[in-house]
Amino acid sequence: MNTDMRERMKAIAERAFLESIEAKRNLCREGTELLVDMAALLAGAFRENRRLFIFGNGGSAADAQHLAAEFVNRFQLERPPLPALALTVDSSVMTSIGNDFRFDDIFARQLQALAQPGDVAFGISTSGRSPNVVAALRWAREHRVRTIGFCGRARSDMDPHCDLALHVPAALTARIQECHITAGHILCGLVEEMLFGRGTESNP
Ligand SMILES: O=C(CO)[C@@H](O)[C@H](O)[C@H](O)[C@H](O)COP(=O)(O)O
Ligand SMILES: [Zn+2]
């Protein structure tokens, strides 16, 4: 690689780092209160033995699985497992629904099979427009399943179907995703703290 090319690549990398930092700084200012509310909603549902279902496409499917693993196994505290499931992990279920019905139904139909009133449906979409995410949130809302969403900056199609929606103040999909996983980790930490942290029933 010649020097010009190296300098150009470094500039691209530095810009990405700085945009990511800026997006997270803005999210910290605009989204912290809402994350605490989301954590309280989730902690309340887990206290009532309700379950969490997480879903999204592409990078957000990976986020769904990553966050489900934090809840089921553990995040930062030694504590009992929490019931969370990513709706992105069973290729047989997803391909059969996509093939026999519509790809837009792959998450909603799994909720129809698994979710009960009081459970929580958690949709993740950077555009806020993925039809399968929106359809699942819509079904959940109509069936007394609590709904939370992570999306991007703009008003999103998820909003009308979410009890709580976190909007990330960034334009690029990648920067929004980086904020989503940070916010997801924070959410896991807050839920653990609310359920098992010092001063709680399980840890007086
Ligand atoms: O990870 C990325 C881009 O960074 C992609 O895989 C991205 O997640 C996919 O294009 C998704 O289909 C985008 O869906 P959404 O976030 O708009 O709901
Ligand atoms: Zn990505």
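These legends go with a set of close-up views of a predicted model.

**View 1. The shell around ligand 1.**
Start with the ligand: 13 residues surround ligand 1, and the closest are G58, G59, S125, T126 and S127. Two helices, α2 (59–72) and α6 (173–196), each put at least two residues into this shell. Of the contributors, α6 gives the most, with 3 residues. Which class of residue is missing from the shell around ligand 1? Charged ones: the shell has 11 polar residues, 2 nonpolar and no charged residues.

**View 2. Strand β3, covered on both faces.**
Here we look at β3, which spans residues 120–124 and has 5 of its 5 residues buried. Split the strand by face and you find V120, F122 and I124 on one side, with A121 and G123 on the other. Both of those faces are covered. That two-sided split fits a familiar pattern: in a regular strand the side chains alternate between the two faces of the sheet.

**View 3. The partners of β3.**
β3 pairs with β1 (residues 52–56) through 5 bridges, and the two run parallel. To find your place in that pairing, look for F55, which stands opposite G123 of β3. β3 also runs parallel to β4 (residues 146–151), again joined by 5 bridges. Two landmarks help with this second pairing: V120 stands opposite R146 of β4, and I124 stands opposite F150 of β4. What handedness does the unit made by β3, α5 and β4 have? This β-α-β unit is right-handed, with helix α5 covering residues 131–142.

**View 4. Strand β4 and its link to β5.**
Now shift to β4, where 6 of the 6 residues are buried, so the strand is largely enclosed by the rest of the structure. R146, I148 and F150 point one way from β4, while T147, G149 and C151 point the other way. Every one of those residues is buried, R146 included. β4 also pairs with β5, in the parallel sense, over 4 bridges. F150 is a handy marker here, as it stands opposite L166 in β5 and also faces I124 of β3.

**View 5. The bent helix α1.**
Helix α1 runs over residues 3–47 and bends by about 60° at G31. G31 is also one of the buried residues of α1, a set that includes A23, L27, L35, M38, A39 and L42. A45 and F46 belong to the buried set as well. The numbering of that set is worth reading with helix geometry in mind: an α-helix has 3.6 residues a turn, so residues three or four places apart point the same way. What covers the buried residues of α1? The cover includes the strands β1, β3, β4 and β5 (164–167), along with helix α6.

**View 6. N49, just past α1.**
After α1 comes N49, with a positive phi near 60°. N49 isn't a glycine, yet its phi is positive all the same. The residue sits in the loop between α1 and β1. Is N49 buried or exposed? N49 counts as exposed because it has 9 C-beta neighbours inside 10 Å, and the cut-off for exposed is 12 or fewer.

**View 7. R144, ahead of β4.**
R144 is another non-glycine residue with a positive phi, of about 60°. Look for R144 in the loop between α5 and β4. R144 is exposed, with 11 other C-beta atoms within 10 Å.

**View 8. Two more exposed loop residues, Q116 and P160.**
Q116 lies in the loop between α4 (108–114) and β3. With 11 C-beta neighbours inside 10 Å, Q116 counts as exposed. For scale, the C-alpha atoms of Q116 and V72 are separated by 19 Å, and the two residues are 44 apart along the chain. P160 is in the loop between β4 and β5. Why does P160 count as exposed? Because P160 has 12 other C-beta atoms within 10 Å, and 12 or fewer is the cut-off for exposed. The C-alpha atoms of P160 and R141 are separated by 9.3 Å, with the two positions 19 residues apart in chain numbering.

Note on methods
Residues are numbered from 1 along each chain as its sequence is written. Chains are lettered from A and ligands numbered from 1 in the order in which they are written. This is a predicted model: local features need pLDDT of at least 70, side-chain atom pairs count only at pLDDT 80 or more; totals for chains, interfaces and linings use all residues. A residue is near a molecule or strand if its C-beta atom, placed from the backbone, lies within 6 Å of it. Ala, Val, Leu, Ile, Met, Phe, Trp, Tyr, Cys and Pro count as nonpolar, Asp, Glu, Lys and Arg as charged, and the others, Gly among them, as polar. A residue is buried if 20 or more other C-beta atoms lie within 10 Å of its own, exposed if 12 or fewer, and partly exposed in between; C-beta atoms are placed from the backbone. Two strands pair if DSSP finds at least two bridges between them. A crossover is right-handed if, with the strands pointing away from the viewer, the path from the first strand over the helix to the second runs clockwise. The bend at a residue is the angle between axes fitted to the seven residues ending there and the seven starting there. Two residues are in contact if their C-beta atoms, placed from the backbone, lie within 7 Å.
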